[in-house]
Each structure stands twice: as C-alpha cells, then as structure tokens.
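The exercises below ask you to work from the coordinates shown next. Each task is followed by a solution that goes step by step.

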Amino acid sequence: MNLFDYLEPTTQFVIFSAIKILIVFGVTMTFVAYAVLAERKISAWIQDRVGPNRTAPPITKFIPILGPMLVRLGIFQPMADGLKFLLKEDFTPAYVRKVYFWLAPAIAVIPAFLTFAVIPFGSTLGNPDNKMVIADLNVGVLYTFGIVSLGVYGIVLAGYAANSKYPFLGGIRSSAQMISYEIAMGMSVVAVFMVVGDLNLGAVVQYQAKHGWMVLHQPLAFAIFLIAAFAETNRLPFDLPESESELVGGYHTEYSSMKFALFFLGEYAAMISASAMMVTLFFGGWTLPFLSEPASSLLVGLLHIAIFIAKLVVLLVVFIWVRWMLPRFRYDQLMDLGWRRFIPLALGNILATALVLAFISP
Amino acid sequence: MSTKIVDRKPLSFFENSYLPTLMSGLKVTWKHFKKSALQGRPLTMEYPEQKWVVPQGYRGAPYLVKDQEGSTKCVSCQLCEFVCPPKAIRITPPGPNGAPADRRNAEKAPAEFEINMLRCIFCGLCQEVCPEEAIFLQKDYSLTGESREEMVYGKAKLLQMGGTHGGIQKWKHKLEEAEAQEVFPVRTN
Ligand code: SF4
Ligand code: SF4
C-alpha cells in the first residue's frame with residue numbers, strides 16, 4: 001500500500017479503474033454463464049423437467065456429499081457450454097455479407113457490457129475515495145440510454161448481413177421494437193430524475209437511501225421501465241426478433257459457434273445490465289433501509305456489494321420466470337402497447353410528477 | 001352448416017390490462033415449479049437409472065429360452081431363420097455328426113445360433129413361427145454395444161438372457177408315451 005501512495009493521483013486512479021473494470025467484467029461474465037444455467041434450471045422446473053444435471057468434471061468424484069449435489073444442480077454445465085462454444089466449427093455461409101457478418105456479434109455484445117461502467121454496485125471499499133463505480137459520470141443515465149440503444153444495431157446488422165429472409169425479418173422487427181420502447185423507457189426515467197434532481201446514478205442511490213425506494217415513489221415509472229426492459233433485451237414475451245417458432249432463430253439463424261455465443265452473451269449481459277439499472281433506479285442500489293451510509297470498513301463495503309448482487313439476482317429470476325409465464329405478443333399488439341399505452345402513460349406520469357413537485361412537495 | 005361462428009366478447013378494461021393473464025401465468029408456473037423443484041417430483045424419468053417398465057406382451061429383443069429342466073428347447077429347424085424378414089438370424093446346424101441335443105428324444109440342437117440385434121426389427125415372427133416355443137421376444141428394448149460384432153448375440157448369450165420358459169415339454173411327453181408303449185398291458189387312461 002505504501003508504494004501505492006507514492007504514485008501520482010492520476011496513476012492511482014488509472015490502476016484502480018483498471019482493477020475495477022477487470023473485476024466487474026469477470027463477475028459479469030460469470031453472471032452471464034450462470035444466468036444461462038439458472039434459465040435452464042428454472043425453465044426445466046417450470047416444465048416439470050430436471051434440467052442439466054450430468055456434467056461432472058472428474059474432481060467431483062473426490063468431494064463426498066457436496067460433489068454429487070453440485071452435479072445435480074448443474075453447476076459445472078456453464079464450463080462445458082463455454083468449452084463447447086470455443087471448440088465448435090465457426091461456419092460462415094457463402095452468401096453472407098462478410099464484413100457485417102463479423103461485425104454484428106461484436107456490436108451486439110459490447111454495449112451490453114459498457115452499461116456496467118456507470119452503475120454504482122457498491123459504496124466504497126477500503127478508503128472513502130474508492131467509489132465502487134467504474135465511471136462516476138454526472139450524466140450516467142444519458143450515457144446508459146445512448147449505449148443501450150446501440151445494442152439494436154448489432155441485431156439489425158446481423159439480420160442484414162445474413163442475407164436471408166428470417167434473419168432479415170428478425171432485424172426489422174428488432175428495430176421497430178426498439179423505437180417503440182426506447183421512448184417509453186426514457187420517459188419513465190425522466191420522472192425518476194425529476195424527483196431526484198440529479199442525473200448521476202450515485203445521487204439517485206443516495207436519494208433513495210434518504211427517502212425510501214424509488215419504486216414506492218414512482219410505481220408507474222417502474223412498471224413501464226420493467227416492461228420496456230423486457231422489450232429492450234428481447235426477452236419473452238417480446239422476443240419477436242428471435243421468435244424461434246416463427247423465424248427459426250431470427251437474427252442469429254445463420255450464426256454458429258462463438259459468434260452465436262456472442263449474441264447469446266449479449267442478450268444475457270443486457271438482461272443483467274437492465275436489472276442492474278432497475279436496482280439502481282428503483283430499488284435503492286446497494287443500500288438497505290438500515291445500511292445506507294457509505295461503508296466505513298472493508299467488510300461493510302463488501303456487504304454493500306453483496307446486497308446489490310442479491311437484488312440483482314432477484315430481478316434476474318423475475319426476468320427468467322416471466323419468460324415461461326407469458327406467450328409471445330403478436331407484432332401489432334407489441335406496437336400497440338408501446339405507442340398507444342406506454343408513451344401516453346409515461347407522459348402522464350411526468351406531468352403528474354411535475355404537478356406534485358410544483359404544488360405539493362417542492 | 002357445420003360452421004359455427006363463435007362470437008368473441010370484447011375484453012373488459014381489467015382484462016385488457018394483461019393483469020389477469022399475468023396472475024394466471026404466475027399461478028400455473030408456480031404450481032409446476034413447486035412440484036418439480038420444491039417437492040422433487042419432476043415428470044422426467046432419468047433414464048439409465050430409472051427404466052420404463054414395459055407392459056405385458058411388449059415385443060423386445062428375441063432370446064432363446066430353456067425348458068424347466070435347463071435344456072435348450074431349440075431343435076435347429078431353421079424356420080425362424082427362414083421367416084425372419086431382415087435376415088437377422090443365422091443358425092449353424094449341428095450337421096450329420098454333430099453333438100446331439102441336450103435332452104432325450106429331441107433330435108438336434110443348433111451348433112450355433114446368432115441373432116444380429118442391429119438387424120432385428122423386433123417383429124416377433126420368429127416367436128410366432130417356432131414350433132418348439134424356443135424363442136421369445138422379451139422385455140429388453142435398449143441394447144447397446146461398442147462394436148458391430150458385439151451386437152451379434154451368440155447362442156450362449158441368447159440362452160443366458162432368455163432364461164427359462166415354463167410350458168409344455170413336447171418331447172418329454174413323447175418320450176413318456178413311447179416308454180409307456182414298452183410296458184404291458186398298455187395303460188389306457
Ligand atoms: S423378431 Fe423378427 S427380425 Fe427379430 S429375429 Fe425374430 S423374426 Fe427376425
Ligand atoms: S428357435 Fe424355433 S424356429 Fe428357430 S430354429 Fe430353433 S426351433 Fe426352429
């Protein structure tokens with residue numbers, strides 16, 4: 001630590017940021033892998049099946065009771081899946097537009113990870129200057145919206161690059177879906193920031209620590225944000241770009257091996273970042289009602305991170321559960337819901353919030 | 001006039017809010033989740049450990065059977081070989097100087113009896129045609145092996161898998177009758 005203190009503040013900042021980035025990236029990747037497992041397990045249970053329960057690396061033989069239990073829970077399945085994706089043949093159909101075909105998976109996966117940069121996933125760790133957020137931007141939420149909407153380009157590009165009808169339909173659907181939900185999503189958040197009076201996500205968390213969770217102040221905004229998040233991340237009931245049953249696989253029909261895995265990663269990473277956003281905006285981030293002061297010790301700092309992750313996991317389970325609860329919306333129903341219900345509702349919500357702020361509680 | 005036009009009632013405001021659908025979806029999924037995750041009763045049958053119990057009369061793999069006294073029932077008549085549609089059976093008869101059958105009064109027994117389980121279609125014609133009730137389709141439905149050779153079951157294996165089959169012992173009765181002829185006066189009952 002002593003050596004570290006001698007370094008320039010800028011160098012310190014760079015080193016700290018690099019470490020945070022690496023850790024956040026690693027944790028997110030693990031989360032993605034295990035979100036896939038959770039999805040498979042939960043879907044299996046909901047459909048009266050057992051789900052992945054066979055993958056067992058040889059070491060499990062030497063762990064007495066725990067080993068077989070972990071195997072039955074499928075804990076090792078993500079590793080096998082990852083390995084499989086790496087070793088599979090990377091097939092490029094002859095008629096695709098090569099450059100875009102290669103570009104699309106990268107564009108789909110990067111924005112999903114970039115959003116994590118502004119999310120405060122803990123208070124502080126060690127000394128009070130080590131904020132647990134990679135980039136403490138004052139326009140955090142604008143950044144998020146800017147980045148998240150880039151994700152759709154990956155999908156549209158994939159649809160275009162594949163040069164075949166199903167991916168193309170998937171791409172078109174995706175862009176239409178995106179414009180109808182992005183607006184409602186943005187508007188729902190406007191009300192939140194009117195209440196808080198700051199665009200910095202850390203400030204939002206601080207406000208909630210003082211005044212209670214935002215979901216209690218702005219339930220309508222939360223509902224709209226949640227549903228829009230489902231549409232943004234292409235999850236059922238709004239998985240129209242993918243819709244296996246009608247478009248084969250939608251935008252990623254022509255993709256295989258690691259390129260397909262990137263879309264897959266992107267989808268789950270987007271799901272996690274959307275959940276992280278919701279935790280930050282509506283569920284008090286890393287705070288609990290009685291644990292809202294920034295951490296003074298290392299242990300409390302870790303506890304805050306754990307609280308954040310626990311909230312995140314709950315929301316992920318909601319995401320996964322809903323997938324098996326509702327059938328897919330029809331295309332026109334989706335548009336109807338986005339344009340004719342959510343946008344007016346969100347506007348009304350903004351207006352109501354403004355009136356309440358102006359006349360009742362300034 | 002077989003077309004019946006069902007009039008659809010317009011949805012009420014409450015129904016239009018998707019909330020009832022959401023609730024019933026949650027109810028159904030929770031019911032199944034509870035059953036398979038919390039109570040540990042999924043519908044899945046975990047195959048190699050748990051096996052399906054086949055019903056009576058199931059046509060599984062054909063095996064040779066022995067009679068109550070432990071002797072081979074097959075007399076190497078080769079009818080099953082002849083009838084077998086995919087030619088899965090190959091019988092090597094004992095030949096003029098081969099070993100005799102392992103029971104009295106039966107003329108012969110196959111020197112070798114092979115069923116290629118990769119060819120067999122479990123049709124049951126061999127069982128149907130056998131005059132000796134020597135071959136039966138039993139309840140094995142999943143035969144596995146690591147090579148083609150291994151899937152050709154020989155006589156020893158077929159007999160071992162087949163087990164014993166009770167039933168009339170044709171040649172034993174013939175023998176008894178023949179022996180009864182030897183004594184005098186002839187038994188009449
Ligand atoms: S069951 Fe049919 S196919 Fe199989 S050995 Fe008998 S006759 Fe041949
Ligand atoms: S199994 Fe039956 S039909 Fe086939 S050779 Fe033996 S006695 Fe004949």
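**Exercise 1.** Is B:Glu132 buried or exposed? Decide this, and then describe the salt bridge in which the residue takes part.

*Solution.* The model is a predicted one, and the values below are computed from it. The cut-off needed first is that a residue counts as buried under 20% relative accessible area. B:Glu132 has a relative accessible area of 10%, and it is therefore buried. The next step is to look for its partner: the side chain of B:Glu132 meets that of B:Lys170 in a salt bridge, with a distance of 3.5 Å from N to O. This pair links distant parts of the chain, since B:Lys170 lies in helix H6 of chain B, whereas B:Glu132 lies in the loop between helix H4 (125–129) and strand E4 (135–137), 38 residues apart. Finally, B:Lys170 has a relative accessible area of 34%, so this residue is partly exposed.

**Exercise 2.** Which residues surround ligand 2, and how do they divide into nonpolar, polar and charged?

*Solution.* Begin with the run in the sequence: B:Cys74, B:Val75, B:Ser76, B:Cys77, B:Gln78, B:Leu79 and B:Cys80 are among the residues around ligand 2. Then add B:Ile91, B:Phe113, B:Cys130, B:Pro131 and B:Glu132, which also belong to these surroundings. Sorting the shell by residue type gives nine nonpolar, two polar and one charged. B:Glu132 thus appears both beside ligand 2 and in the salt bridge with B:Lys170.

**Exercise 3.** Where in chain B do the partners of the salt bridge between B:Glu69 and B:Lys172 lie, and how far apart are their closest N and O atoms?

*Solution.* The closest N and O atoms of B:Glu69 and B:Lys172 are 3.0 Å apart. The pair again links distant parts of the chain, with B:Glu69 in the loop between strand E1 (62–64) and helix H3 (79–83), B:Lys172 in helix H6 (residues 170–182), and the two positions 103 residues apart. For accessibility, B:Glu69 reaches 52% and so counts as exposed, while B:Lys172, at 33%, counts as partly exposed.

**Exercise 4.** How does the radius of gyration of chain B stand against that of a compact globule of 189 residues?

*Solution.* Take the secondary structure first: chain B has six helices and five strands, which follow the pattern α-α-β-α-β-β-α-β-β-α-α along the sequence. A compact globule of 189 residues would have a radius of gyration near 16 Å, but the value for chain B is 29 Å. The box filled by its C-alpha atoms, taken along the principal axes, is roughly 100 × 50 × 45 Å. As a last step, consider burial: 28% of the 189 residues count as buried.

**Exercise 5.** Which residues of chain A make the nonpolar surface patch of about 640 Å², and what element gives the largest share?

*Solution.* The patch is made by A:Val99, A:Tyr100, A:Leu103, A:Tyr160, A:Phe168, A:Ile172 and A:Tyr331. Helix H5 (98–114) and helix H8 (165–196) of chain A are the elements that give two or more residues to it, and the largest share, three residues, comes from H5(A). A:Phe168 is found in helix H8 of chain A; with a relative accessibility of 42%, A:Phe168 counts as partly exposed.

Definitions and conventions
Residues numbered from 1 in each chain as written. Chains lettered and ligands numbered in written order. Predicted model: local features only at pLDDT ≥ 70, side-chain atom pairs only at ≥ 80, totals over all residues. Heavy atoms only, no water. Patch = residues over 30% accessible without salt bridge, like charges linked within 9 Å, V, L, I, M, F, W, Y side chains within 5 Å. Areas by Shrake-Rupley, 256 points an atom, 1.4 Å probe, with all protein chains shown as cover. Salt bridge = Lys/Arg side-chain N within 4 Å of Asp/Glu carboxyl O. Helix = DSSP H or I, 4+ residues; strand = E, 2+ residues; numbered from the N terminus. Buried < 20%, exposed > 50% of the residue type's maximum accessible area, 1.4 Å probe, protein only. Near = heavy atom within 4 Å. Nonpolar A, V, L, I, M, F, W, Y, C, P; charged D, E, K, R; others polar. Rg over C-alpha atoms; globule rule 2.2 N^0.38 Å.
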